[in-house]
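Please look over the sequence and the structure below before reading on.

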Amino acid sequence: MSLRIKLYSCLAIAGMLTFSACGSEDDLTPSNAEVNGFAPTADDNSATAQLRNTFYKETGSYLLFNDTLNTTDTKGNPELFDASYAMTGTGSVDSYNYKYSYITDVTEQQKFAEDVKTYLLNKLGKAKPYSFLLVNDISYVDSYGRTKHVKYLLATRGYVLSTNNGAMYDDPESYFSGMLANIIIDKFGRQSSTVTDPFYAYSKTLYSEKLGDHDIDATEENIEWQYGFLEKFADFWGGDDYYFPFKERDLQDWVNVVLTMTRDEFVAKYGSQQVMVNKFDTIKGIIEQMGFNI
């Protein structure tokens, strides 16, 4: 066969493949490619669907009350909101088979969604998640066979928040304030050292150290302020030995105070020690750098 004939043959085959591809384009496109599993279906006009659509328009985050999405996986099974690996407030990633108690009453759904917007969403700022799955309870069975409950999960595609079996409704402001502090601490622990080191630098040589080794009198009034600590020095193990706070406790104390006091209020109470004011400004700046609106 001549080179010219071979060339014509190749062009003809290429043309047939192109025609075939165009003719079967619909067949090659996944049936759910344009379906957003986190949003209600187009034909869902229920009160819950309207609430979810409104929430997305107002916040830019999707709202769920069930962990079964509107899409399917490659095997045709319903796709789930997967939170098997999630942060739970422990400062580390936990892996469990979490179970949810759903909220089916529309009035309760509306109340929960409004409380999330009022007391949590705005403060999350740029750290807000892709979606929120709101449930009445989150539980799991630990390695000892005990059933445990958590108030929230930070998963890859969103947050799972619970009412703690209705406890949230009694005081939503305090409930979400505590949750926000834990979320910040969780995310703080996942930042690079270049981000977090400026905060820890104030006290890194003192964490868990014995006061006696530094010739410090633990009974002196507000002596802890001179070293950048909010927590009074304690005798953890009995006896006469006093110790500086642990690193983890120090972070928790400072996140809590930044969320509950304005700078003016803080300076009025702790301003006698410049290191305290400097540390306040440092931790607040880091939290804002992480995207939170506090």
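The briefing that follows covers a pair of helices, the nonpolar cores and a loop residue.

This is a predicted model, in which local features need pLDDT of at least 70, side-chain atom pairs count only at pLDDT 80 or more, and totals for chains, interfaces and linings use all residues. Residues are numbered from 1 along each chain as its sequence is written, and side-chain values use heavy atoms, with hydrogens and water left out.

**Helix pair**
- Helix H6 (residues 193-200) and helix H9 (residues 274-289) pack with their axes 9 Å apart and at an angle of about 160°, and they are therefore roughly antiparallel (an angle over 145 degrees).
- On the H6 side, the contact (heavy atoms within 4.5 Å) is made by Val-195, Thr-196, Pro-198 and Phe-199, while H9 contributes Lys-279, Thr-282, Ile-283, Ile-286 and Gln-289.

**Nonpolar cores**
- The largest nonpolar core (buried Ala, Val, Leu, Ile, Met, Phe, Trp, Tyr and Cys residues joined through side-chain atoms within 4.5 Å) has 55 residues, and among those touching the most other members are Phe-132, Leu-134 and Phe-199.
- Helix H5 (residues 172-188) supplies the largest share of this core, with nine residues.
- Leaving aside neighbours within four places in sequence, Leu-134 is in contact with residues including Leu-63, Phe-112 and Leu-161.

**A loop residue**
- Glu-224 is placed in the loop between H6 and helix H7 (247-260), and at 3% relative accessibility Glu-224 counts as buried (under 20% relative accessible area, with a 1.4 Å probe and protein chains only).
- Not counting residues up to four places away in sequence, Glu-224 touches Phe-229, Leu-230, Glu-231, Lys-232 and Phe-233.

Definitions and conventions. Axes are lines fitted to C-alpha atoms, for helices over the stretch in contact, and angles run from 0 to 180 degrees between N-to-C directions. Helices (H or I, at least four residues) and strands (E, at least two) are DSSP runs, numbered from the N terminus. Angles under 35 degrees count as roughly parallel, over 145 as roughly antiparallel, 65 to 115 as roughly perpendicular and the rest as oblique. Buried means under 20% relative accessible area, exposed over 50%, partly exposed in between (1.4 Å probe, protein chains only).
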